[in-house]
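Visitor: I'm new to this one and would love a close look at a single part of it. Could you walk me through it slowly, without assuming I know the jargon?

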Amino acid sequence: MSESKTVRKRLILLLVIVISVIILIICAIRLSVYSISAYRESLANASLKSMIGESSVSLAQDLETGRYVAASDNSGAGHQEVLDKYKTLYDLNPDIVGWISIEGTNVDYPVMQTVYDEEYYLYRNFYREDAKSGLPFLDNRCITRLPSTNMIIYGHNMKSGAMFADLLKYESRSYYEKHKFIRFDTIYEEALYEIVAVFKSNISYVGDNSFKFYNFIQADSEQEFYDYYDTIRGMSLYETEASAISSDYLLTLSTCEYSVEDGRFVVVARKIAGTER
């Protein structure tokens, strides 16, 4: 082999090494920026958490029916005053409609709602600044003052584990067994919810007759409620201990799931506070 060919090969190898190093540096920088951004957003949300008080909701099991019930000094349909524990946050940003949390998980965030632009907080933080993880937000068809049959909250599935990423862990029944309850306070009422179904779905397109879980907001009859409820129970990845009846309020949490195009991972729970429609 001639000396010129050897030099040429060495130069090509050196070039490949240099390019590889540059790519690794760029990836490392991007990862660092993402990690720093996620950490800052985590600190910001923790700061918001420190601005609210303790919950007054207590959980018990009805010995006669076996159903879980909850009691609160602030419970009751039609409560119109912003709870003291949320007044500070409400004064800072009146777009807040509540707080969602699941004990033992990363889910612990304010819930926002903007009727004029439902996805406003998809990439914004509580202070309306750009934020990759955004914040959970309530479907703009839902009203917290006069709760509908079903309240739907959407949140990102972040690689950092933030927002609703932990919902995907409910694919495991053992995880469900340890995290059966969801706390969703509106700014008017504290409440606990018990999970009744966990399933995978996807966003359907116009003309597609597949099940659209995200269009169930208000049941105008018992039949309409049970048509929806029987469907999600049939889709559930496993049978849950809790069940719902037509007088229950439901809470639906939805996040992205990537096993199918436009996939969604969905957790549905029933309200166990002692309020009746």
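How many aromatic pairs does the count come to? And could you then zoom in on the surroundings of Ser-201?

Guide: Happy to. The count comes to 12 aromatic pairs; for a pair, ring centres of Phe, Tyr or Trp (its six-membered ring) lie within 6.5 Å, and planes under 30 degrees apart are called stacked, over 60 edge-to-face, and the rest tilted. One of them joins Phe-211 and Tyr-228, a tilted pair with 5.9 Å from centre to centre and 35° between the planes. Phe-211 lies in the loop between S8 and helix H4 (222-235), while Tyr-228 is in helix H4, so this pair ties together parts that are 17 residues apart in sequence. Helices (H or I, at least four residues) and strands (E, at least two) are DSSP runs, numbered from the N terminus. Next come Phe-213 and Tyr-214: their ring centres are 5.2 Å apart and their planes stand at 80°, so they count as edge-to-face.

Before going on, a word on where this comes from. This is a predicted model, in which local features need pLDDT of at least 70 and side-chain atom pairs count only at pLDDT 80 or more, whereas totals for chains, interfaces and linings use all residues. Residues are numbered from 1 along each chain as its sequence is written, and side-chain values use heavy atoms, with hydrogens and water left out.

How covered are those rings? Buried means under 20% relative accessible area, exposed means over 50%, and partly exposed is in between (1.4 Å probe, protein chains only). Phe-211, at 26%, is partly exposed, but its partner Tyr-228 is buried at 4%. Phe-213 is buried at 0%, and Tyr-214 is buried too, at 12%.

Now for Ser-201 itself. Ser-201 sits in strand S8 (residues 192-202) and is buried, with a relative accessible area of 9%. Leaving aside residues up to four places away in sequence, Ser-201 touches Phe-211, Phe-213, Met-235, Val-260, Asp-262, Gly-263 and Arg-264. Touching here means a contact, with heavy atoms within 4.5 Å. So the neighbours of Ser-201 include Phe-211 and Phe-213, the very rings we started from.

Follow the strand sideways and you reach S10. Strands S8 and S10 run antiparallel and are joined by nine bridges; two strands are said to pair if DSSP finds at least two bridges between them. Right beside Ser-201, Asn-202 has Gly-263 as its bridge partner in S10. Strand S10 (residues 263-271) has nine of its nine residues buried, so it is largely enclosed by the rest of the structure. On top of that, S10 pairs with strand S9 (residues 250-256) in the antiparallel sense, over seven bridges. Leu-250 stands opposite Arg-270 in S10. S9 and S10 make a hairpin with six residues between them, and Asp-262 in the turn has a positive phi of about 55°. Asp-262 is also one of the residues that Ser-201 touches. A handy thing to keep in mind while you look: in a regular strand the side chains alternate between the two faces of the sheet.

At the far end of S10, a charge meets a ring. The charged end of Lys-271 sits over the ring of Tyr-249, 5.1 Å from its centre. To qualify, NZ of Lys or CZ of Arg must be within 6 Å of the ring centre and within 35 degrees of the ring normal. Elsewhere, Arg-124 lies over the face of Tyr-120, at 3.9 Å from the ring centre, and Tyr-120 belongs to one aromatic cluster with Tyr-116 and Tyr-121.

Another hairpin is worth a glance too. Strands S3 (residues 96-101) and S4 run antiparallel, with five bridges joining them, and Ser-101 has Asp-108 as its bridge partner in S4. Six residues lie between S3 and S4, and Gly-104 in that turn has a positive phi of about 85°. Strand S4 (residues 108-112) has four of its five residues buried, so it is largely enclosed by the rest of the structure.

Finally, step back. The protein has four helices and 10 strands, and of its 277 residues, 44% count as buried. Among contacts between residues at least 6 apart in sequence, 64% join residues at least 24 apart.
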